[in-house]
Structures are given as structure tokens and as C-alpha cells.
Amino acid sequence: MDGRTKVVCVTGASGFIASWLVKLLLQRGYTVRATVRDPNDPNKTEHLLSLDGAKERLHLFKADLLEEESFDAVVDGCVGVFHTASPAQISAIDPQAEIVGPAVKGTLNVLKSCAKFPTVKRVVLTSSIASVMGTGTPLTSDVVLDETWYSDQLFFEKHKQWYPLSKTLAEEAAWKFAEGNGIDLVSMNPGMVIGPLFQPTLNLSVKFLLNFISGVQTPVVNYAFVDVRDVASAHIKAFEVPSASGRYCLVGQVADSPDTLQILRQLYPTLCLPEFGNPSDSKYQVSKEKVKGLGITFLPLETSLRDTVESLKEKEPQVTQHHGEALICKGVIMSKPLSATQGEDEWRNNGGASGYIASWLVKLLLQRGYTVKATVRDPSDPKKTEHLLSLDGAKERLHLFKADLLEEGSFDTAVDGCQGVFHTASPVQFSATDRQAEIVEPAVKGTLNVLKSCAKFTTVKRVVLTSSMASVIMSGKPLTSDVVFDETWYSDPLFCEKNKQWYVLSKTLAEEAAWKYAKANGIDLVTMNPGLVIGPLLQPTLNLSVKLIQNLITSTGTETLPLSNYRFVDVRDVASAHFLAFEVPSASGRYCLVSNVTHSSEVLRIIQELYPTLHHPEKCEIGNTSDPIYQVSAEKAKGLGINFRPLEEAAWKYAKANGIDLVTMNPGFVPGTPSLSSNRFVDVRDVVSAHILAFEVPSASGRYCLVSNVSLASDLRIIQELYPTFTLLKSNLFENYHECEVGSTSDPIYQVSAEKAKGLGFNFLLLEVSLRDTIASLKEKGFLKI
């Protein structure tokens, strides 16, 4: 039978198995109604909508597994239903509510919809080998599992195996409901599903294999592997073959960790793989007899592993440790090698066009009229591209590309015709299993590959390389207060190796290799050596340096602040310096980009002054906060026309020295946790008006305190008078002061003078008005239900 004129439903269509199932069904002529979590999410739908036949015969629906009748409209008129969706979650705070319950309830809700429509001739359920093999019986080499085996619920509960339990109970409930309601049900019980990824996201089993390849510690056990293409084909056969019935175990080969690694080493001899010892002789078997009756012949494990790795290389380049992305601008190409670890976003700078420095550089280049060709990890991923595509000028002059930074020749086409190249980033990773292969080599090789492409085209007039202060300061010399770093300082590779400073070593060697290659090939190279880059984020993800600031702000107040000096520079200054290094004809050599060398305790003080209501670390690590602070010369950078942005403490000094008419506004704050201490209230509308008046009134000068009322928490009876039905702290905030912080309701309330602010010509709103309007706004936005 083929699928022409037949309509079927696939639940969870954006998943690993389901995506392949949709593809095969469309190839066979079926019309497919597919449910996804969010039909408007391109990460869930683009790979499906791009399939052959999708435009004519694929229809996307949104349905909630946990909502009864949610599938009625989808199932109505279908001749077959493939239920693949189920929570693939291993651990949870409440396993029953988060894993087991949803799996069972979701399965029953789909079957209840199927029972309502006589058009549905068969339901194919995706179960798991987990509901077959968990009996408690030792799985020795003489054991052959088949469809007559059923997992024991108590065994999984005892060992807290919540995912296998969820699959076992969901299948058990499905059979019971199907028999009670006359549904022709067939269940497929696949093992660990691997194979080429079709969807853009990692599923649990392929992610496990990726971790396995990457050296993440995994147990030495037997794995029941099966290829996703075989699983999808078996589902269709189970629907199309009239005699198909009952359960089908889908396992191509049982292999342990050493078996798997042996195959991978043969396929990829250059991969750095973990050691697991010798293969085990004790491997159970899974019968293939019944599934052969469907006409299924399983692909060899070697084929499945190879195609999985090749797919990971394409979609998750970290697996090969040799992949990257590039950013190209009108005569400008910026590139970035990817980090070698998966999922450790706090350890790496997601560079390329979507990265921190590069995003600002793209913005600046577009503002200056350049046409920008930019590469990102995935041009179809809105998280990597939306902030770039929304920039002024992007529609006309920004073009997105994907290129492999660590593949020689990958950038040839992109560089051809460009006038200049920005190579902006390198793996920001501080620890690894194989430091040389994961940190040092990608930085060096990636830099050289970009330069090799540049050397081929005479149109390229200059290359600007983003290096780091890391390649300047690690010389081994004492950093005393009389030290002034400048561009003549170079880090010592032997010192870096001795102290296991692998990231510093990578930046040092990459810059060293760049200079050597540039001189030998006549490339006009300029390197930028920024310190710790902070400033506003354009991209939606955190980079390492801004994460440091976030950690300070989001601390609970009990953490210990690391004792260190930080070499700060604003990201906007770094982007401007890159741009000027390209445009200024006399620019040459290296440029240290550091605005302030500041002690961690001073950083904390500035943050506390800027945000007094935030909690911060209460102490620094043991050490001397008066440790000498070295300096970094800004003289050469000033020659480009760069004036670094000052930190807050230097703002007044900087303004006076440079003739800037500066006025600062010092507003109170919005209260957080109720406290019996005094709260300094001011309305946001008053604050905004004061800012404008401070600009418009010629005589405005100096500082302005903006506080309308100093009030105790007990005075917040205003809220209860405005909203008598509103429950405040169990309705006893004002009757039981012990619910608030320790203090006395009779503590004296200080005052904040409003005289100078009144001189600007405005009067503060009443506290009652501010509180009423605040709560009304919270209600309107949906943050407060009263």
C-alpha cells in the first residue's frame, strides 16, 4: 500500500524519530497532519516545511498532550495515527508529576481522540525497549529478549529509573485502553536510537553519543543501538502491513562502550576518544525475528555511527574540534573557531557575527555604510541572527553565510573581492581533556586558515586580528605598581604552559603564528589586544566577561568575591578600535585596549553605588585589597582616535578634565522584600521629568537627589486602603511585624531634601498616586492578579 490520498497524524513531529517518519510518509505520498509544540517556532518547523511534498501535503497543528480532546481536530479524518511524543527526561524534582504522569496521560489523551473517529484504522505507538528489558533478570550472554518480555514497575521504582518507568506504564495503559475501546494498536519498542539528525536540535540518545565521543564520563554498559531510519521505516510498515500486530522490538546491534569506541576509532582515527578497556563477552541479544516479518533489515552499526558523527559535524561542529564560523564585511571578514566543548556556554565566547564584539562591530560597520557578509553557526537560528538582522541597514547590506573556519580554503569564496578582514575570536575555554587539541590547536589553525585565504586575493588590503591582553601580560615578571604594559610586551609560552594557562597560551601562539605568516606573505596585519570586555549586550546570549558582572549582581550576598585586578574595556570602544585600525592608514602593529585596571573590591563598590538595593558578596577572598595595581598604556590606542569610556567613579573627573557639562540624577528605589527599614520612594515619571529638566534648564548643575517620600514598610497601609481585598504577606504584614526584617517601627525616619530638585521646576507625585499607578500597571501587564 502507498499513501496516496491517505491522511495520517504524527504527534511530536519535530522530534528525532518523528521528523524522519514525516519525511518517509511524505515520500510515500501521504498527507500528514503533524503536531508540534509551537507551529510558529522555526527551530521546530523549518526542517519539516523544507521537505519534498511538505508544501502540498504537510499541515502543522498545535496540540497539548496533557489536554484531553486537544487532538480531536487533528485526528478527525485520519486513517492512521503515529504517536511518538513523550517526555524524554531522566531526572526531575517530582518524577511522578514531571515524567511519569505526562507520559501516561499524554498517551491516553491521544488514544481517547482516536477512539472518537471510526476513520482511524490503526494506531502505531512509539514505546521503548525500556519497557521490555527492565525485569530484574540478569542480562547475561545467554539471554535473548523478545516481545514477550515486560518490564517490572517495581524494579524501576526501586532503582529510581523514572524514564523507563514512564515508558512502561504508558505502554501498559495504552494496551489496556486499546483493548477496552476496540483500537487496533501496534507498539514499536526501539533501543538507543542513533543516526543522522534531521531536526536542528539534539535528542537524548544522540546527545549521549556526543558526550561519549567528547570524553564525558559514561558507564561501561551494553547499548541496544538502532538506526533512526530503520525505526521510522518500521513504524510505516507497522501501519501498512495488514498482519502487523502487538509489539516489535527494534534493535540492530547490542554493543558495549569498548565495541563502540573501536568502531569509531576505525572510522575517525584522528578523534581524541576516551579509553574504556576491552569489549565484554557478556552481551545479551534482542530477537529480530518478529520485525523481519515487516520486511525490516537493520543497517550495520558502523553505518549508523558514521552517519551520526557526520551529522553532528554538520549540525554540532564541536564534535570534530575542527569547525568554525566566519563574519565577512565589505572588504571585511570576521571569523571565529568554535569551542570544543558542548553545552558550556559560560566558558566560551560565541563569536562570529553573533558574538559579543562582532555584533557591535557589524552594527558599527553598517552605520558607516559598509556592506557586511556575516557567518554564524546556523544562519536559520533566530537566536544567532535576529539581533543582527534587526540592525539599521541590515536588510540592504547584511548577508549571512556559514563557513568552516578550521577547513583550509573554506573562506576563499567569501574573501574574494574583500578589502579587509577582521578575525574576531578564538575558543574561550579554560579547561579540557586534551588542551592541545581542544584549545590551542583550534585557535592557531583557525587563524592561519583565514590568513591563507586572505593571502590568495590581492583585493585584501588589511587584516585586523582580535587577540587579547592575555598574549601581552603573561611574561612571568612581577606585576608591581610601577609596571606599565604596552604593545612591546609579549607573553611567554613556556610560562603559560608551566602555569597551565591554556587559553592564554592559545591566544599567545595564535597571535605569534599570525605575525609570522603575515610577514612571510606580505599581509598588512594589525592586532587588537583587549582586556576584559564589558558593556551592553546586543546578542541574546551571555559571554564570559559579562557573566562575571552578572555573577556579582545575582549573588545572594554570602558569596566571597574573587581577589583580583581586572583589565576592563568597553565593548563599544573595542569595536570602534577595530574599525579605526582598518580605516586609519597609519595603523600598524599591536594595540592594547584597556581603559581601567581595577581591583575586584572597587568593582563591587561601584556596582553597590549604582544599584544599592541589590545583594552583593559581603567579603573578598583572603588577601590584600591594596595589592599594587599595574597600568596599561593607552597612548598608542589614542593615536587611532580612541578615548576609552571611564568607569562611574571617574566620570566626574573625566567630565571636568574634558569640559563636559555633566549632571547626575540620584533617584530612590522601588522596594523589594518588605523591610522595617526606611524605603526611599520616587515615581518613575518624576525621575524622567527631572532628567529632561536637568537638560533643559540652563542653570542645572551637579547632583540631584530624587526622593519623594521616606517611608517605613508599616506605612504601606496605603496599599491595603487602596486594595482592601489584596492579601499582603498572609494578611498580616502590618499586624505581625516579625514577618519583616528585624527592626523597630519607631525607628527614626530620616529625610531627603527636595529643595534642589524643586529648583528644576517640578513637584513630586504623592506616594499614594505612585503606589496606585504601580499596582494598576502590574495588573494590566498580567504580573499581578487581584
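## The parallel sheet

Seven strands build an open sheet in this predicted model. Their order is β3-β2-β1-β4-β5-β7-β10, and the pairing is parallel. Strands pair if DSSP finds at least two bridges between them; strands (E, at least two residues) and helices (H or I, at least four) are DSSP runs numbered from the N terminus. The edge strands, β3 (58–62) and β10 (246–250), each pair on one side only. From one strand to the next, the twist averages 20°. Angles run from 0 to 180 degrees between N-to-C directions, with axes fitted to C-alpha atoms, for helices over the stretch in contact.

Strand β7 (residues 185–190) joins β10 through 5 bridges. Asn-189 has Cys-249 in β10 as its bridge partner.

## Helices on the sheet

Helix α1 (residues 16–27) packs on the sheet and touches strands including β1 (7–11) and β7. Contact means heavy atoms within 4.5 Å. The direction of α1 makes about 165° with that of β1. Helix α2 (residues 42–49) also packs on the sheet, touching β2 and β3.

## An aromatic link

Trp-20 and Phe-198 form a tilted aromatic pair, 5.9 Å centre to centre with 50° between the planes. Rings of Phe, Tyr and Trp (its six-membered ring) pair with centres within 6.5 Å; planes under 30 degrees apart are stacked, over 60 edge-to-face, the rest tilted. Trp-20 sits in helix α1 and Phe-198 in the loop between β8 (192–194) and α9, 178 residues apart.

Trp-20 is buried at 11% relative accessible area. Buried means under 20%, exposed over 50%, partly exposed in between (1.4 Å probe, protein chains only). Phe-198 is buried at 16%.

## Basis

Residues are numbered from 1 along each chain as its sequence is written. Local features need pLDDT of at least 70, side-chain atom pairs count only at pLDDT 80 or more, totals for chains, interfaces and linings use all residues, and side-chain values use heavy atoms, without hydrogens and water.
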